[in-house]
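Dear colleague,

Please find below the structure that I am handing over to you, followed by an account of what was found in it.

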Amino acid sequence: MELLIITAARAFEKDIKSLLKKAGVKTFSYMDVTGYKDPEGEPISANWFASSIGERQSVLFYAFVPTLIVDEVMLKIRNLNESQESESKIHVAVMDIKRMNNI
């Protein structure tokens, strides 16, 4: 079991929900968050929020999933990021879960 964490600009919310369902993630949580990055000294193209201001309305998803599903989600996110013309990308992180009280 692994913890899947996804962050992205709010504009990707529908795409991520669809992607998770297609990958077989049956249960996930998500919430609106404000992303922040100090863009000082960086060109706008290096800012993953793709904006000249430091704050961006974003979304955070998380789910406990089997390792096999993680691989599918990672592949789908990579494909989606490669197909986007936007400077903003979907970011994903995976953490191993050593114990869980409810499997």
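Met-31 stands opposite Leu-60, a residue of strand β3. This pairing belongs to a wider arrangement, in which strand β2, residues 29-36, runs antiparallel to β3 and is joined to it by eight bridges. Strand β1, which covers residues 2-9, also pairs with β3 in the antiparallel sense, over eight bridges. Within that second pairing, Ala-9 has Ser-58 of β3 as its bridge partner.

Please note that the model is a predicted one.

The chain as a whole

The chain has 103 residues, of which 31% are buried. Its secondary structure consists of two helices and four strands, and these follow one another along the sequence in the pattern β-α-β-β-α-β. Of the contacts between residues at least 6 apart in sequence, 73% join residues at least 24 apart. The chain exposes about 6800 Å², and 51% of that area is supplied by carbon and sulfur atoms.

Tyr-62

Tyr-62 lies in strand β3, which spans residues 55-65. Is Tyr-62 buried or exposed? Its relative accessible area is 32%. Buried would require under 20% and exposed over 50%, so Tyr-62 falls in between and is classed as partly exposed.

Which residues does Tyr-62 contact, once its neighbours within four places in sequence are left aside? They are Leu-3, Leu-4, Phe-28, Ser-29 and Met-31. For one of these contacts, that with Phe-28, the C-alpha atoms of the two residues are separated by 5.9 Å, although Tyr-62 and Phe-28 are 34 residues apart along the chain.

The largest pocket

Tyr-62 is also one of the residues that line the largest pocket, which holds about 200 Å³ of space. The lining further includes Gly-24, Val-25, Lys-26, Thr-27, Phe-28 and Ser-29, together with Ala-63, Phe-64, Val-65, Pro-66 and Ile-69. Strand β3 gives the most to this lining, with four residues. By character, the lining of the largest pocket divides into eight nonpolar residues, three polar and one charged.

The cavity

How many cavities of 30 Å³ or more does the structure hold? There is one, and the space in the largest cavity comes to about 30 Å³. Its lining is formed by Leu-4, Ile-6, Leu-20, Phe-28, Phe-61, Tyr-62 and Ala-63. Strands β1 and β3 each supply at least two of these residues, and the largest share, three residues, comes from β3. The lining of the largest cavity comprises seven nonpolar residues, with no polar and no charged ones. Phe-28, Tyr-62 and Ala-63 appear in the lining of the largest cavity and also in that of the largest pocket.

Met-74

Met-74 is found in helix α2, which runs over residues 67-83. Its relative accessibility is 35%. The range for partly exposed residues lies between 20% and 50%, and Met-74 is therefore counted as partly exposed. Beyond its neighbours within four places in sequence, Met-74 is in contact with Val-92 and Val-94. Met-74 and Leu-4 are 70 residues apart in sequence, and their C-alpha atoms are 9.6 Å apart in space. Leu-4 has already been named among the contacts of Tyr-62 and in the lining of the largest cavity.

With kind regards

Note on methods. Residues numbered from 1 in each chain as written. Predicted model: local features only at pLDDT ≥ 70, side-chain atom pairs only at ≥ 80, totals over all residues. Heavy atoms only, no water. Buried < 20%, exposed > 50% of the residue type's maximum accessible area, 1.4 Å probe, protein only. Contact = heavy atoms within 4.5 Å. Areas by Shrake-Rupley, 256 points an atom, 1.4 Å probe, with all protein chains shown as cover. Pairing = 2+ DSSP bridges. 1 Å grid on protein atoms, 1.4 Å probe; cavity = no way out; pocket = protein on both sides within 12 Å on 5 of 7 lines; lining within 4 Å. Points joined across faces, edges and corners; volume = space filled by probe spheres on them. Nonpolar A, V, L, I, M, F, W, Y, C, P; charged D, E, K, R; others polar.
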